[in-house]
Amino acid sequence: METLINARMHRRSFQKLALALALSTPLALAALGGRSAGIALAQSTARTGAPRLAPTPECGDDDDLAATLPQTAGPFYTPDTPERRSLLEPGMPGTRLVVTGYVYSTDCQPIPGAPLDFWQADDAGVYDNEGYRLRGHQFADVDARFELETIEPGLYPGRTRHIHVIAQALDQPPLITQLYFPDEPANASDGIFNPTLVMDIQAAEVGETAFFTFAM
Ligand SMILES: [Fe+2]
């Protein structure tokens with residue numbers, strides 16, 4: 001069973017990330033927008049077939065988004081991850097997965113440049129606690145869209161299949177949560193699982209594409 005970690009440790013590490021974002025936002029946005037984003041999408045397309053874009057949230061005048069539920073980070077978070085949108089490595093076993101979506105405020109405004117730090121178990125349900133395998137952070141692009149190229153995480157005792165993430169808007173505390181898969185038998189027996197954090201999954205040419213939009 002996962003336990004709550006020291007929240008101050010997360011705050012410190014993400015304050016570093018937020019500071020880096022504040023100092024480098026024009027650079028980060030330039031790097032993630034336009035041609036670079038197109039290149040990242042093309043790379044994803046080459047590996048996983050036709051890209052699928054998540055629908056942006058539908059925002060009416062008084063149609064606020066429900067805040068994404070925070071969850072425990074568990075015991076396996078490692079700070080200072082490399083910046084990368086793909087966690088794939090040569091020969092890495094597992095079902096290919098692209099997770100994509102947006103980062104929005106609860107009043108339905110996109111948060112371009114929002115940092116997201118992902119980590120997960122490998123296909124055998126094992127975390128790399130020595131290095132940064134299947135760990136990486138990125139910044140949402142100019143449209144507040146993120147895209148993570150990875151594999152489906154494996155199961156480990158006591159937990160259903162899940163991906164950990166910390167997302168942040170500059171003026172808010174970090175949102176620490178987990179993303180889940182639909183129709184997983186272990187969802188029903190996992191005491192941390194919450195159905196509001198289930199991603200929409202579609203079959204891709206290679207593997208699967210998952211959609212999730214964060215509201216914070
Ligand atoms: Fe976990």
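**Exercise 1. Find out whether His137 is buried or exposed, and what its side chain reaches.**

Solution. Let's start with the accessibility: His137 has a relative accessible area of 11%. The cut-off for buried is under 20%, so His137 counts as buried. Keep in mind as you work that this is a predicted model. Next, place the residue: His137 belongs to strand 3, residues 135-139. Finally, follow the side chain of His137, which reaches the backbone oxygen of Thr81 at 2.9 Å.

**Exercise 2. Work out which residues of strand 5 lie on each side, and how many of them are buried.**

Solution. Begin with a general point: in a regular strand the side chains alternate between the two faces of the sheet. Now sort the residues of strand 5, which spans 162-167. One side carries His162, His164 and Ile166, and the other carries Ile163, Val165 and Ala167. Then check the burial: six of the six residues are buried, so both faces of the strand are covered.

**Exercise 3. Identify the strands that pair with strand 5, and give a bridge partner in each pairing.**

Solution. Take strand 2 to begin with. Strand 2 (residues 115-119) pairs with strand 5 in the antiparallel sense, over four bridges. Within this pairing, Trp119 has His164 as its bridge partner. Now turn to strand 6, residues 175-180, which runs antiparallel to strand 5 and is joined to it by six bridges. Here Ile163 is partnered by Leu179.

**Exercise 4. How many salt bridges does the structure hold, and which parts of the chain do the pairs of Asp190 and Glu184 link?**

Solution. The count is four. Among them is the pair of Arg145 and Glu147, whose side chains meet with an N to O distance of 2.6 Å. Both of these residues are buried.

Next comes Asp190 with Arg159, where the closest N and O atoms are 2.7 Å apart. This pair links distant parts of the chain: Asp190 sits in the loop between strand 6 and strand 7, Arg159 in the loop between strand 4 and strand 5, and the two are 31 residues apart. Asp190 is buried, with a relative accessible area of 6%, and Arg159 is buried too, at 4%.

Last, look at Glu184 and Arg161, with their closest N and O atoms 2.8 Å apart. Glu184 is in the loop between strand 6 and strand 7 and Arg161 in the loop between strand 4 and strand 5, so this pair ties together parts 23 residues apart in sequence. For burial, Glu184 has 15% relative accessibility and counts as buried; Arg161, at 16%, counts as buried as well.

Methods
Residues numbered from 1 in each chain as written. Predicted model: local features only at pLDDT ≥ 70, side-chain atom pairs only at ≥ 80, totals over all residues. Heavy atoms only, no water. Buried < 20%, exposed > 50% of the residue type's maximum accessible area, 1.4 Å probe, protein only. Pairing = 2+ DSSP bridges. Polar contact = N/O pair within 3.5 Å; in protein donor to acceptor, adjacent residues only side chain to side chain.
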